[in-house]
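Trainee: I'm new to this one, and I'd like to know what stands behind the words people use for it. Can we look at it together?

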Amino acid sequence: MLHVARSAFKSSTVATAARFLTTNTCNSKIPFWEDPEPTTDNHRDAPTTDRYDALVHSAGRSRDFESLYSLLNARVKQKCFNSASTFRFVTNAEPDLASLLDDLNRTLARLDKGFTRKSAYDSLIIRLGKLGQVREAMKLADAMVAGDYGADSRSYYPILRALVKKKMMKEAWDVMDGMRRNRISPDLMSYNEFLTAYCYIGDLNSAVDVLRKIDDAGFQADARTYDAMVLGACKTGKVESALRVIRRMIDDGVSPLYSTYGHIICGMLRLGFYQQAVDFVVSCGGVDTSLDTESFGILAARLIRSKRVEEANFVLKEMNRRGLAMGEKLRDYYKINVA
């Protein structure tokens, strides 16, 4: 009975997709995912990541694992790679999540070897990490290791991120130990997950320990490492230290992230250093328009919220003078209070 139901689901999914998502090749219509080299004069008929995600979602909700298998294989061949939405049909509302994941594991294990199979597993683990389903994500990571499906440190990022987000630091370190037992060496990004978590809560002693581990492992600090250090300094009210870190960052040839500037701006404002925050943003301006838009916008919004009218109006005038885009609320404020 189950086999019959799945066959019906498959027919329904494929028929629907074939009706609306086809491409003309050799004067015959075939589903675009079955055409190895689709050609079309109409770009609306071309395969896209979004279209594949929609079909995967439909097949997944229908528990049509054969169609799911075909779609996951075909999308990579047509360079419509898995996205954050690929497995959105997997939710915490699923009445029997374990059973669904068992079926998905069996389906993914049959995919084409190499990138196709690995990327599908990684994408599903990302989805489970976002759902906070750490145990189920670990089962999939273990399946990747057992099947030699290309598990690496990136396969574990979502698991580490989910654990440190819940402040389950011991469990996260246990995952790192498990990676090593599976002969998977944690990379810099793995350590950065811990560093960011400790810095976010202001636990600088633990953050320093992570920095030592990074150094012992032979890694060089990257933009996210420095970003976390700036965050930690600002969270503990050490803005001067944060400024020294960002200067060293630039001296080392590492471009700061937009968020790194944001940490300093917010750190200054929390301490009541309103003018210093304005001076900082202005002094950093003129190099990257997108960064300027972000930094000036954050500063203006925070100043308005803090009722620092004079400073806020100055920042908005600067934004207008520099031709920086304003959000709707900032634009309305500017028209009413500044222009």
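Mentor: Sure. One cut-off to begin with: buried means under 20% relative accessible area, exposed means over 50%, and partly exposed is what lies in between. Keep in mind that this is a predicted model.

Trainee: Then why is Phe 219 called partly exposed?

Mentor: Its relative accessible area is 26%. That value falls between 20% and 50%, so partly exposed is the right label.

Trainee: And what makes Glu 94 buried?

Mentor: Glu 94 has a relative accessible area of 17%, and the limit is under 20%, so Glu 94 counts as buried. You'll find Glu 94 in the loop between helix H3 (65–77) and helix H4 (97–109). Leaving out residues up to four places away in sequence, Glu 94 touches Arg 63 and Leu 100.

Trainee: How do you know that helix H11 has the span a helix should have?

Mentor: H11 covers residues 223–235, which is 13 residues. The rule takes 1.5 Å times one less than the number of residues, so 18 Å is expected, and the end C-alpha atoms are indeed 18 Å apart.

Trainee: What makes H11 largely enclosed?

Mentor: Ten of its 13 residues are buried, so the rest of the structure largely encloses H11. Among them are Tyr 226, Val 230 and Leu 231. The buried residues of H11 pack against helices H9, H10, H12 and H13. At the start of H11, a side-chain oxygen of Asp 222 comes to within 3.1 Å of the backbone nitrogen of Arg 224.

Trainee: How many aromatic pairs are there?

Mentor: The count comes to six aromatic pairs. One of them is Tyr 191 with Phe 219, with 6.2 Å centre to centre and 55° between the planes.

Trainee: Why is that pair called tilted?

Mentor: Stacked needs planes under 30 degrees apart and edge-to-face needs over 60, so at 55° the pair of Tyr 191 and Phe 219 is tilted. Tyr 191 is in helix H9 and Phe 219 in the loop between H10 and H11, 28 residues apart. Tyr 191 has 6% relative accessibility, so Tyr 191 counts as buried.

Trainee: What about the rings of Tyr 261 and Phe 280?

Mentor: Their centres are 6.1 Å apart and their planes at 35°, so that pair is tilted too. Tyr 261 lies in helix H13 and Phe 280 in helix H14, so the pair ties together parts 19 residues apart in sequence.

Terms used. Residues numbered from 1 in each chain as written. Predicted model: local features only at pLDDT ≥ 70, side-chain atom pairs only at ≥ 80, totals over all residues. Heavy atoms only, no water. Helix = DSSP H or I, 4+ residues; strand = E, 2+ residues; numbered from the N terminus. Buried < 20%, exposed > 50% of the residue type's maximum accessible area, 1.4 Å probe, protein only. Contact = heavy atoms within 4.5 Å. Polar contact = N/O pair within 3.5 Å; in protein donor to acceptor, adjacent residues only side chain to side chain. Phe/Tyr/Trp six-rings, centres within 6.5 Å; stacked < 30°, edge-to-face > 60°.
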